[in-house]
Amino acid sequence: VAEADGDVDPMPDMGDVSREPTDEDFAAAGELKVKASEQISSGDPEGAAASYTEAVRLAPSAMALAARGDCYLRMRKPVAAIRDAVRALEMNPDSARAFKVKGKGEAMLGRWVAAVHDLNTGQSIDFDEATAELHQRVKDHSDRVLAKEAKKRAKELAREAKDKERELLRRREEAQRRRREQEEEEARREMEDKTMPGGMPSGMPPGMEKVFSDPDIMAAMNKPKVMQAMMDMQTGGPSAMAKYMNDPEVSCEPSTLNPNFEVCERPGLWQLSPEPESLIPNPSALNPRPSPPET
């Protein structure tokens with residue numbers, strides 16, 4: 001039943017619980033309840049609902065409201081039935097009939113989970129075989145709804161987990177990228193700190209400006225291997241010197257050195273100073289060749 005079609009118009013009297021019924025009211029209400037029962041038996045739920053409405057007006061009770069709600073169910077008006085059941089439960093929270101009326105109304109509206117809950121409660125208070133059969137059918141519907149909702153929720157959770165995993169991976173990659181950039185920047189700054197203007201390593205011993213003032217020597221020193229060797233010898237001491245002692249590319253660069261220096265016929269450009277961890281220029285490598293005699 002569509003919810004829009006499940007109510008009655010006008011809304012029936014719900015009873016005034018603040019008014020104390022008289023003995024005459026109770027007697028008249030009792031007669032109306034008997035009449036309503038007879039109308040139900042004759043197949044007139046609308047007439048029975050009208051009789052219960054008059055009884056509720058005179059002496060409102062949970063039993064009369066639940067009974068009228070049952071009439072509305074027979075009229076396929078579940079919204080009105082649920083309203084009467086809720087009012088009945090306000091007056092008597094242990095009314096089994098009110099719980100069953102409410103559960104049946106929820107089932108008519110396709111609210112299977114709520115219907116099972118109400119029918120469970122009603123049956124636990126006062127079990128009856130007729131309601132048990134309906135209860136099982138409603139429970140089957142409810143189980144399918146719950147299974148479908150559980151499956152949907154599982155998919156949502158799986159999607160959320162994948163989204164979180166992707167976000168975590170993105171953040172990790174971003175952190176790694178920033179760390180690499182930071183390390184590269186630190187390495188660049190460290191290289192700048194170790195290098196003098198012009199690309200020469202800092203901390204060079206006195207007198208080397210004579211060597212490095214020659215553009216050809218500077219060109220040789222700009223070679224990556226020569227530059228690395230110079231840095232190693234500055235920091236590695238004698239062991240680094242021994243490593244490059246027999247390397248002609250490092251110890252002598254005849255194709256690029258100024259011909260005024262007899263470097264290629266002398267020992268290498270570097271020699272150990274009295275302090276074992278320092279290097280000084282080799283004077284013999286800086287002796288200029290004599291100028292040819294004038295003719």
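Biologist: What phi does R76 take, just after α3?

Modeller: This is a predicted model: local features need pLDDT of at least 70 and side-chain atom pairs 80 or more, while totals for chains, interfaces and linings use all residues. Residues are numbered from 1 along each chain as its sequence is written, and side-chain values use heavy atoms, leaving out hydrogens and water. Helices such as α3 are DSSP runs of H or I, at least four residues, numbered from the N terminus. Just after α3, R76 has a positive phi of about 60 degrees.

Biologist: How many of the residues of α3 are buried?

Modeller: Buried means under 20% relative accessible area, with a 1.4 Å probe and protein chains only. R68, D70 and Y72 are among the buried residues of α3. The helix is mostly covered, and its buried count is 11 of 13.

Biologist: Which helices help to cover those buried residues of α3?

Modeller: Contact means heavy atoms within 4.5 Å. The cover of the buried residues includes α1 (23-41), α2 (45-58), α4 and α5 (96-108).

Biologist: How do α3 and α4 run relative to each other?

Modeller: Their axes, lines fitted to C-alpha atoms over the stretch in contact, come within 8 Å and cross at roughly 165 degrees. Angles over 145 degrees between N-to-C directions count as roughly antiparallel. So α3 and α4 are roughly antiparallel.

Biologist: How many charged residues are in the contact of α3 with α4?

Modeller: In α3, the residues include L65, R68 and Y72; in α4, they include D84, R87 and M91. Asp, Glu, Lys and Arg count as charged. Charged residues in this contact number 3.

Technical notes: Axes are lines fitted to C-alpha atoms, for helices over the stretch in contact, and angles run from 0 to 180 degrees between N-to-C directions. Helices (H or I, at least four residues) and strands (E, at least two) are DSSP runs, numbered from the N terminus. Angles under 35 degrees count as roughly parallel, over 145 as roughly antiparallel, 65 to 115 as roughly perpendicular and the rest as oblique. Buried means under 20% relative accessible area, exposed over 50%, partly exposed in between (1.4 Å probe, protein chains only).
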